[in-house]
Amino acid sequence: MARAKAQIPPAAIVAGKPTVAIVGRPNVGKSTLFNRLVGGRRAIVEDVAGTTRDRLYGEARLGRLAFRVIDTGGLEPAAAEGYPALIRLQVEVAVAEADAIVFLVDADTGLTSADEEVSQLLRERSDKPVVLVANKADNATRREATAEFHRLALGEAIAISAYHDMGLADLGDRLESLLPEVAEEEAPGALRLAIVGRPNVGKSALVNAILGQERVLVSAEPGTTRDAVDTELEYEGQSLVLIDTAGIRRRGKVGRGVEKYSVMRAQEALERADVGLLVLDASEGVAAQDLHIAGYVADAYKGLIVVINKWDLMEDTQEEREEFAEDVLGRLKFAPWAPLAFVSAKTGLNVDGLIELALEVGEVRSQRVATAGLNTLVQKTIAAHRPSGKGKRVPRIRYATQTSISPPTFVFFVNDASLIHFSYRRYLENAIRKQFGFEGTAIRLVFRSRDEE
């Protein structure tokens, strides 16, 4: 597996900072506010409704608060076709990505029926906190006039003038009280690796080989490790946490008492891990329980590396590795994206390579795909093979966007999510993987119906 670099496009939102979407009817000054927040003329500003059609992303700061901001086109809720309908879709995607919404109104024009329609749409379609902001309030008369916006039932409007840089400190204070506390000061956490597998395949020995010391008890008796043991370490400047776990047996083979709780702890360890290292015994080949454990990892949407331990007992040739890999991947059909690592905890064979591979998978889990590139791929994929419907009901995929990382999560906006068959979901996933990679990690595809947006 070649070293995978996270591709972070300029238009993508990167994890670590909260996100704010600016929405409102046309020509209330959304782009002017966006430019003021990002400290530059990123958005085109004209006194013509509909100038902004796509979403624009920028890095913003208000006082101590650092966040990402999305500029959106003027929202016309009643629009059913043409550019206004496309703009509405862009706004819906921005709202889905945001942690909070700035609903911008015009203090000069005053309350309009379009403002009331946007307000109603936000109440119906989003559970995100909404900050009502009255722009162009650059004199006492306009500031007093903002009281009429109480009719929107969104609380007191914050009076600002984006053009004259007035009132933005109050906006910053309100946003700081609403946004999650994950500002830029938060450092990336350590990569957590859960070492899982059947009893007695060498999991604890592998931990010791990585650490170069007897940190955990190693024994030839199955079931020695009962608790999930966390060990912190640094590898070439990278912070890691190794989670050694008890051997996982099939549900029907789990005994009462201590062994039952050992399996529960192993499953809990997977939940709090980023990557699962599934350890196999090379001398025993692939067992059904190995596939069962791999299923645990995939179902939890974690990274997965299949670690072939005790490789020192095998004839280490390229042909032998390829034959073993073919057997494993042939049975691991639900996770063909999982890379293999041939190691020996006893001799130290390729242990460093395993850690480097785990770091690569952790990096891949932070990869983001630009929305434009994703939708170009989706449209080509649909054109090559359209989804089948149920009777006269035909599924229509309108838009897609990546909403989060670790695991990489893609939301598809469709007319009816129930019409998307499992096989077509897998078809879309395969297309995304072929184009953008994501080797080594599970990815999540979410299909959202119109009435769920």
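**A chat about a three-stranded sheet and its helices**

Guide: Let's start with an open sheet of three strands, in the order E13-E14-E15 and with mixed pairing. Strands here are DSSP runs (E, at least two residues), as helices are (H or I, at least four), numbered from the N terminus. Two strands pair if DSSP finds at least two bridges between them.

Visitor: Which strands are at the edge?

Guide: Strand E13 (397–404) and strand E15 (444–448), as each pairs on one side only. On average, neighbouring strands of this sheet are turned by 25° against each other, direction ignored.

Visitor: Is this model predicted, and how are residues numbered?

Guide: It is a predicted model, where local features need pLDDT of at least 70, side-chain atom pairs count only at pLDDT 80 or more, and totals for chains, interfaces and linings use all residues. Residues are numbered from 1 along each chain as its sequence is written, and side-chain values use heavy atoms, leaving out hydrogens and water.

Visitor: Back to the sheet: in what sense do E13 and E14 pair?

Guide: E13 and strand E14 (residues 409–414) pair in the antiparallel sense, over six bridges. For instance, Ala 400 has Phe 412 in E14 as its bridge partner.

Visitor: Which helix packs on the sheet, touching E13, E14 and E15?

Guide: That is helix H12 (residues 422–436), whose direction makes about 125° with that of E15. Helix H11 (residues 371–384) lies across E13 and E14, at about 140° to E13. Contact means heavy atoms within 4.5 Å. Axes are lines fitted to C-alpha atoms, for helices over the stretch in contact, with angles from 0 to 180 degrees between N-to-C directions.

Visitor: At what angle do the axes of H11 and H12 cross?

Guide: At roughly 130°, and the axes come within 10 Å. The two helices are therefore oblique to each other; angles under 35 degrees count as roughly parallel, over 145 as roughly antiparallel, 65 to 115 as roughly perpendicular and the rest as oblique. Residues that meet include Leu 374 and Leu 377 in H11, and Tyr 427 and Leu 428 in H12.

Visitor: New topic: which residues of helix H5 are buried?

Guide: In H5 (residues 168–178) they are Leu 168, Leu 171, Gly 172 and Leu 175. Buried means under 20% relative accessible area, exposed over 50%, partly exposed in between (1.4 Å probe, protein chains only).

Visitor: And what does the face turned away from the buried side carry?

Guide: The exposed residues Ala 169, Asp 173 and Ser 177.

Visitor: How many helices and strands does the protein have?

Guide: It has 12 helices and 15 strands, and buried residues make up 50% of its 453 residues.
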